[in-house]
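Q: Please take a close look at one part of this structure for a reader who is new to it. The part of interest is the set of places where separate pieces of protein come together.

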Amino acid sequence: MLSDWSSYLATHIGRPVEFVSRDRYTDTLDMLAHDQLEAAWVSDSPYILIRNQVRLVAVPVYHGRPLYRAYLIVQARDKATRSILQLRGTVFAYADTISHTGYLIPRYELAQAGEKPSTFFRKTFFTWGHRNSVEAVAQGLADASYVDSYVWDSMQKIAPNVTNQTRIVSRSDEFPFPPIVANRSISSEDYLRLQKTLFRMSDDPAGRQLLSRLNLDGFTQGRPENYDPVEKMMRAVGDK
Amino acid sequence: MSPLDLSFRFKLPLWGAVLILLTALAVSTSSLIQAYDELKEDQAMDAEVLSNSLVSIVFPLMLHDNVWRAFETIANPVRNIRPGNLTKVEAILVLDQKSKVFVSSHPQAAPLLSDLASLGPDYAWLAERLNRPGHPPVTQVLEPPGSHYIYFLTPVTRNDATLGTLVLVSNRSAFLSRFTEMAWHSALIGGVVLAILLPFNWYWGQRMARPLVQLTQRMGQIGKTLPESLDPRMYQARDELGRLFDTYNKMLEELREKSELERQMVQSERLAALGQLAAGVAHEINNPLGGMLTAIDTLKCHVGIDPRMARTIALIERGLLQIKDTVAALLVEASLKSRNLGHHDIEDIRTLVSAPVHKKALCLDWDNRLKDEIPLPASLIRQILINLILNAIHAAAQSGIVTMEIACVGEELRLAVWNDGKILNDEEIGHLFEPFSPLSEGGHGLGLWVTYQIVHQLGGNISAKRADGQMLFSVRIPLGATT
């Protein structure tokens, strides 16, 4: 899929495009900082960390809007849990150390309730990805996890046998969707061409087909200040 | 009847079959035991290799409390089981130093941080062993009693730092099914070998036993009758059994010769006794007969005998003469001095008998091989030959064949006469040379008696036997014999 997308982008931008993926968010940020990447699709809270070093290129449109949520999921056999505060003494899976939905939100919610995650849960561990978090809960490795709604919904389409082993306890408020950002070192032409290509993907059949495989509606112009609530939340927890 | 008394026909093949079965059983059992041990060793090796490679990956993950990567690492070998794998890994657990679950491939059954002992009786048994101090830093194979699983415990160690234990859970069934498969293969091969060997053994046993059985039966008959010889084709090998066959047949041959000899002896003794008796009676008759004939002669010389008396005297005289002839015939006197026998004597006889030969339209095959004179009395040999030839002509069928051979072989004269007439049985042949033979038709039955007496007085012998559907009379007389 990524190779199809990269060749699509290469054709429309008029230069070769190579996708690079990393397990950990910090790796991606490091590569951006060291000019090893020209553009990246990063989660919202990492974006906050590098907001001053990158330019916002585009924001994916999901279900008609550039927004997503966090789902609190538990194992499907757990019918009782209604809130994260009922998960005392359980094993909890975090996504990444700088994930918004997968790390920031649960700690934020516990902090709001006056709980410390280190003592509230019996054990926590990182899965280094929302998809892995869903798997961890589905397999029973973790009792609960907070995951990206976009990831859970996409998995529901391609791997319902996994998501069916989980149950969504609650859905969070909406947050701005993880954006696509460009390194400040790339030329304005490349920046604009990339942006224009992404915006126009929904206008041609090949682009629409890729978007449908990405489970997105398209890309839109984003504003850095839209992400301010995320930064506020990070400050509240002490991550920034 | 004890099984030891069983016939060789059954005993040999049965013994063979028992030995073959025992051998096959012993060989396959030992190979199965060996295969079992090797399989077990292979399985342990398999598990050890897997455990060690997992440990090397899991160690840093434990060090960094990377539960998810550890889970991915151990879940993989459990999910991807190759069908031929000896070690069917059912589950993998990684325990921390307190024997609590750090991560397991089946978190539902073995949740994180749960106590090993709380996971079930097998695990409680393992926990008890694990808590014993000083277990070696190598893979241990543990089989809890009554369990369906085999556990391979490997310490998660690097550079003397031990973080916990990796537990590999393997199902016994994979091992057992593999072993069963091997056992079946070996049974199949054994079956094929038996299917070849057993019929062969049966055939061989029968082949060995059948001649023995027949030999035993024949030997059992000896004493009552003389059994037949054994067919040498039945057993052609030159081993002890083959030699036994030869010896048996040789013994039978000797027995037959002996019995034939006895029969001949009895016959010649009987004939000798008869000869003595006849001679005695003849002498006793001859004396008064001579007197009576002299008296008749004297009486005839007297005059004045009326014709009726003369006829009576003549009647008595003829009667007495006939008695004299008969007695003379009985009392064979071969004391006649004679010239030597020559070729022409035999030819004379051919001429003499030509009339009856023509009369019966016989084919007379005459083979006279005498050349020079031989030192035997011509008149006696002629008499022998005439008697035999006339007998043969008489016995031969109408238009039949009579064969005569005479030759001088070495130091004896050999004479043989065949006819294709009635074939006599042993009983008849036995009494053939007795006087007044009932077999004589139209004669007084003294011809062969006389011949026999002459031959014996010449020191030879005469015999009658069946040969190729003909009756053969053969005579042997040593040269130079006189009475």
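**Where the parts meet**

A: Between domain 2 of chain B and domain 3 of chain B, a single salt bridge is counted. The model under discussion is a predicted one. The salt bridge joins B:Glu434 to B:Arg270, with 2.7 Å between the closest N and O atoms. One residue pair is also found in polar contact across this interface, both residues being at pLDDT 80 or more. On the side of domain 2 of chain B that touches domain 3 of chain B, the elements giving two or more residues are α5 (240-301) and α6 (307-330) of chain B. Of these, α5(B) gives the most, with seven residues. Sorted by class, this side has five nonpolar, four polar and one charged residues.

The setting of this contact is the division of chain B into domain 1 (3-180), domain 2 (240-330) and domain 3 (340-478). The contact between domain 2 of chain B and domain 3 of chain B draws 10 residues from the former and 12 residues from the latter. The C-alpha centres of these two domains lie 19 Å apart. Together they bury about 920 Å², and 66% of that area is on carbon and sulfur atoms. Within the share buried by domain 2 of chain B, the residues B:Arg270, B:Leu271 and B:Leu330 supply 48%, more than any other three residues. B:Arg270 thus appears both in this trio and in the salt bridge with B:Glu434.

The next contact is the one between the chains. Here 19 residues of chain A and 14 residues of chain B take part. The two chains bury about 1400 Å² between them, with carbon and sulfur atoms giving 55% of the area. In chain A, the residues that lose the most area to chain B are A:Lys123, A:Gln139 and A:Leu141, which together account for 43% of what that side buries. Two salt bridges are found across the interface of chain A and chain B. In a salt bridge between the chains, the side chains of A:Asp23 and B:Arg69 meet at 2.9 Å, N to O. Three residue pairs are in polar contact across the interface of chain A and chain B, with both residues at pLDDT 80 or more. On the side of chain A that touches chain B, β6 (123-126) and α6 (130-139) of chain A each supply at least two residues, and α6(A) gives the most, with five residues. That side is made up of seven nonpolar, six polar and six charged residues.

Chain A also holds a contact of its own. Its domain assignment gives domain 1 (2-66 + 177-229) and domain 2 (70-172), and the centres of these domains, taken over C-alpha atoms, are separated by 26 Å. In this contact, 17 residues of domain 1 of chain A touch 11 residues of domain 2 of chain A. The area buried between them is about 1200 Å², of which carbon and sulfur atoms give 54%. The salt-bridge count between these two domains is zero, whereas nine residue pairs are found in polar contact, both residues at pLDDT 80 or more. On the side of domain 1 of chain A that touches domain 2 of chain A, α2 (25-33) and α3 (44-50) of chain A each supply at least two residues. The element giving the most to this side is α3(A), with four residues. By class, the side divides into nine nonpolar, five polar and three charged residues.

Technical notes
Residues are numbered from 1 along each chain as its sequence is written. Chains are lettered from A and ligands numbered from 1 in the order in which they are written. This is a predicted model: local features need pLDDT of at least 70, side-chain atom pairs count only at pLDDT 80 or more; totals for chains, interfaces and linings use all residues. Side-chain values use heavy atoms; hydrogens and water are left out. Domain bounds come from an automatic or database domain assignment. Contact means heavy atoms within 4.5 Å. Buried area is the accessible area (1.4 Å probe) that two parts lose on being put together, summed over both. A salt bridge is a side-chain nitrogen of Lys or Arg within 4 Å of a carboxyl oxygen of Asp or Glu. A polar contact is a pair of N or O atoms within 3.5 Å; within protein, one must be able to donate a hydrogen and the other to accept it, and residues adjacent in sequence count only if both atoms are side-chain atoms. Ala, Val, Leu, Ile, Met, Phe, Trp, Tyr, Cys and Pro count as nonpolar, Asp, Glu, Lys and Arg as charged, and the others, Gly among them, as polar.
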